[in-house]
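This report walks through one protein chain, starting with its charged contacts. Please keep the sequence and the 3D view open while reading.

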Amino acid sequence: MRLDKFLSESTSLTRKEIKKLIKDGAVSVNGSVVKAPETKVSESDGIMLCGEAVSYKKHVYLVLNKPAGYVSATEDRRYKCVTELVPERYAHYGVFPVGRLDIDTEGLLILTNDGTFAHNVTSPKKDVKKRYFARLDRPAKQEDKAVFAAGMEFKDFIAKPAVLEITDDPCEVYAEISEGKYHQVKRMFERVGKTVLYLKRVSVGGLSLPEGSIPGDIYEADGKELEKTINICGKL
């Protein structure tokens, strides 16, 4: 691809700013200064901008520990959007949330510019597991596990069999589902007579929140975790 296109897709600079830097001699390709924006380059070339190496990424995968109070959208007239938490260095990728978390739900939310990946993660056919921690108003019972495992039929969809794990405190549980319908986890607990007081997603496929992560933290997905999730989605 053209050098200026390579740099515009790999940095937050505008095409106009990049062309000026190239003409000013601030860009080198494989050790040689290049002043022609139309110079053809590839991902294997060693490209330096102002003395710093630039690597090309067509897609980026970010993991956000979503805070409560943000909607899973790129724009909203009433509420703050999760994309407002994306660092400036990733702004040019135009990432969007993969699926959604309710405004009051915290936890792992993937943001990417890879539409195929996003579709596969959210498709029930791919069976990508989403794991949640929930705090309930009433203790979970052993018989609730069987209800989750049998699947649930709602007016608007049929939930696939899910896993319910009860901790030492029966008001604190983990639920693992493979869809992500509107208010799904909350509705499933309502079916067994419980109200969710707090909800946090802790993992999606092979991606999980790092230990010590707090709401608002965002980082680029670890290669090994990402590879697991992509493999689950059948993309490789």
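## Salt bridges

The structure holds 14 salt bridges. The model is a predicted one. Several of these pairs are described here.

Asp 4 and Arg 2 join through their side chains, with an N to O distance of 2.9 Å. How accessible are the two partners? Asp 4 has 0% relative accessibility, so Asp 4 counts as buried. Arg 2 stands at 31% and counts as partly exposed.

## Charged pairs around strand 10

Lys 129 bridges to Asp 127. Their closest N and O atoms are 3.3 Å apart. Lys 129 has a relative accessible area of 35%, which makes Lys 129 partly exposed. Asp 127 is also partly exposed, at 32% relative accessibility.

Arg 131 meets Glu 165 in a salt bridge at 3.0 Å, N to O. Arg 131 belongs to strand 10 and Glu 165 to strand 13 (residues 163-166), so this pair ties together parts 34 residues apart in sequence. Glu 165 counts as partly exposed, with 33% relative accessibility.

Salt bridges also form a network. Which residues does the network link? Its members are Arg 100, Asp 102, Asp 104 and Lys 186.

## Overall layout

The chain has 236 residues, and 44% of them count as buried. Six helices and 17 strands make up its secondary structure elements. The C-alpha atoms fill a box of roughly 70 × 35 × 35 Å along the principal axes.

Contacts can also be sorted by sequence separation. Take those in the chain between residues at least 6 apart in sequence: 64% of them join residues at least 24 apart.

The chain exposes about 12500 Å². Carbon and sulfur atoms supply 49% of that area. There are 38 positive and 35 negative side chains. The centres of these two sets lie 5 Å apart.

## Helix 1 and its surroundings

Is helix 1 enclosed or open? Helix 1 spans residues 3-10, and six of its eight residues are buried, so helix 1 is largely enclosed by the rest of the structure. The buried set is Leu 3, Asp 4, Phe 6, Leu 7, Ser 8 and Ser 10. Asp 4 thus appears again, as the buried partner of a salt bridge with Arg 2.

What do these buried residues pack against? One neighbour is helix 2 (15-23). The others are strand 1 (27-29), strand 3 (47-49) and strand 4 (52-54).

## The four-stranded sheet

Four strands form an open sheet in the order 2-1-3-4, with antiparallel pairing. Strand 2 (32-33) and strand 4 stand at the edges with a single partner strand each, so one side of each has no neighbour in the sheet.

Strand 1 and strand 3 pair over three bridges, in the antiparallel sense. Ser 28 has Met 48 in strand 3 as its bridge partner.

## Strand 15 and its partners

Strand 15 covers residues 196-204 and pairs in the parallel sense with strand 9 (residues 106-112) over two bridges. With strand 10 (residues 130-136), strand 15 pairs in the antiparallel sense over seven bridges. Arg 201 is a shared point. Gly 107 stands opposite Arg 201, and Tyr 132 also stands opposite Arg 201.

Strand 16 (residues 207-208) pairs with strand 15 too, antiparallel and over two bridges. Val 204 stands opposite Leu 207 there. The two strands form a hairpin with two residues between them. Gly 205 lies in the turn and has a positive phi of about 55°.

## Lys 200

Lys 200 also sits in strand 15. Lys 200 is buried, yet has no salt bridge. Which side chain of opposite charge is nearest? It is Glu 106, at 5.4 Å. The cut-off for a salt bridge is 4 Å between a side-chain nitrogen of Lys or Arg and a carboxyl oxygen of Asp or Glu.

What surrounds Lys 200, beyond its neighbours within four places in sequence? Its contacts are Asn 65, Thr 105, Glu 106, Gly 107, Arg 131, Tyr 132, Phe 133 and Leu 209. Among these, Arg 131 has its own salt bridge, with Glu 165.

Conventions
Residues numbered from 1 in each chain as written. Predicted model: local features only at pLDDT ≥ 70, side-chain atom pairs only at ≥ 80, totals over all residues. Heavy atoms only, no water. Buried < 20%, exposed > 50% of the residue type's maximum accessible area, 1.4 Å probe, protein only. Contact = heavy atoms within 4.5 Å. Areas by Shrake-Rupley, 256 points an atom, 1.4 Å probe, with all protein chains shown as cover. Lys, Arg positive; Asp, Glu negative; His and termini not counted. Charge placed at Lys NZ, Arg CZ, Asp CG, Glu CD. Pairing = 2+ DSSP bridges.
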